[in-house]
Amino acid sequence: MNISISAETLFHIGSFPVTNSILISWIIIVFLCVAGYVITRKLTLVPRGAQNIAEVVIDFLFGIVEGVMGNKEQTKRFFPLIATIFLFIILTNWTELLPGMGSVGLWEEHEGKRIIIPFIRASAADLNFTIALSLISVITIQVVGVMSIGFSKYISKFLNFKSPISFFVGILELISEVAKLVSFSFRLFGNIFAGEVLLIVMYTLVPYIVPLPFMALELFVGFIQALVFSMLTIVFIKMATEEAHH
């Protein structure tokens, strides 16, 4: 049993190391692109098969986002981003439930021991992935804020020299924006990495019936973490757009 907090390198493309978490991310991206093309290629008024499933998922997500935004036009504007984030995270989270997780991979010699470098690793169990995704979310929030209330007014939220109190409040606002990045990335990473370690331990100690309840738990945790990340993003976007009305 080998547990590594960092993603393990499987091979190199030139000087670029391809880790197991990157490989899974690429596979999920290709899957989503192909699935999107296949499902939308022949749309029908009466959905069936894959289109029916896709519409149920889209309606569910759209309803949640609209409930937060309270505005259908704004929901349509930001829904593609939120839905993409949700689907990407939930699929990468659920890869930790695939057969062979932690047991199928490349064997390598390390400090006189033979260890396995697994092919399957949930992308969110790699801190680099969660930080990158958090940057996308936080930068989007800042861009939306600037577009909604203007650059100078938005910057004045963080750099306000009208009074010492205003300056101090601005610094707190700036710290809160940085805290969003930390909160987004470490919450997702911590929950998924802990779940992955738990499953690896269970598979190693009692590989048959006992892990099933833990797999069901991780199925639920993977869904909740994807939902929390997506909903926090849309909540912060809503807060940024509402500044324009003050």
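## Confidence

This is a predicted model. The protein chain has a mean pLDDT of 83, and 92% of its residues reach 70 or more. Confidence varies along the protein chain: helix 3 (residues 72-94) has the highest mean, at 91, while strand 3 (residues 105-110) has the lowest, at 67.

## Overall layout

The protein chain contains seven helices and four strands. In sequence order, these elements follow the pattern β-β-α-α-α-β-β-α-α-α-α. The C-alpha trace of the protein chain spans about 65 × 55 × 40 Å along its principal axes.

## The largest pocket

The volume of the largest pocket is about 730 Å³. Helix 1, helix 2 (50-69) and helix 3 are the elements that each give two or more residues to the lining of this pocket. Helix 3 provides the largest share of that lining, with nine residues. Helix 3 is also the element where confidence is highest.

In total, 25 residues line the largest pocket. Those nearest its centre are Leu32, Ile39, Ala54, Val57 and Leu87. Sorted by class, the lining has 20 nonpolar residues, four polar residues and one charged residue.

## A nonpolar patch on the surface

A nonpolar patch on the surface is formed by Phe11, Ile13, Phe16, Trp26 and Ile29. Together these residues have about 470 Å² of accessible area. Two elements, strand 1 (9-13) and helix 1 (20-41), give two or more residues each to the patch. Ile13, one of the patch residues, is found in strand 1. Helix 1 thus appears in two settings: it gives residues to this patch and to the lining of the largest pocket.

## Salt bridges

The model has three salt bridges. One of them joins Glu8 and Arg121, whose closest N and O atoms are 3.4 Å apart. This pair links distant parts of the chain, with the two positions 113 residues apart in numbering. Glu8 belongs to the segment before strand 1, and Arg121 to the loop between strand 4 (113-118) and helix 4 (127-149).

Note on methods: Residues are numbered from 1 along each chain as its sequence is written. This is a predicted model: local features need pLDDT of at least 70, side-chain atom pairs count only at pLDDT 80 or more; totals for chains, interfaces and linings use all residues. Side-chain values use heavy atoms; hydrogens and water are left out. pLDDT is the predictor's confidence in each residue, from 0 to 100. Patches are made of residues with over 30% relative accessible area and no salt bridge: like charges are joined within 9 Å, nonpolar side chains (Val, Leu, Ile, Met, Phe, Trp, Tyr) within 5 Å. Accessible areas come from the Shrake-Rupley method with a 1.4 Å probe; for residues, only the protein chains shown count as cover. A salt bridge is a side-chain nitrogen of Lys or Arg within 4 Å of a carboxyl oxygen of Asp or Glu. On a 1 Å grid over the protein atoms alone, a cavity is a set of points where a 1.4 Å probe fits but cannot get out, and a pocket is an open set with protein on both sides within 12 Å along at least five of seven lines; lining residues have an atom within 4 Å of a point. Grid points are joined across faces, edges and corners, and a volume is the space filled by probe spheres set on the points. Ala, Val, Leu, Ile, Met, Phe, Trp, Tyr, Cys and Pro count as nonpolar, Asp, Glu, Lys and Arg as charged, and the others, Gly among them, as polar.
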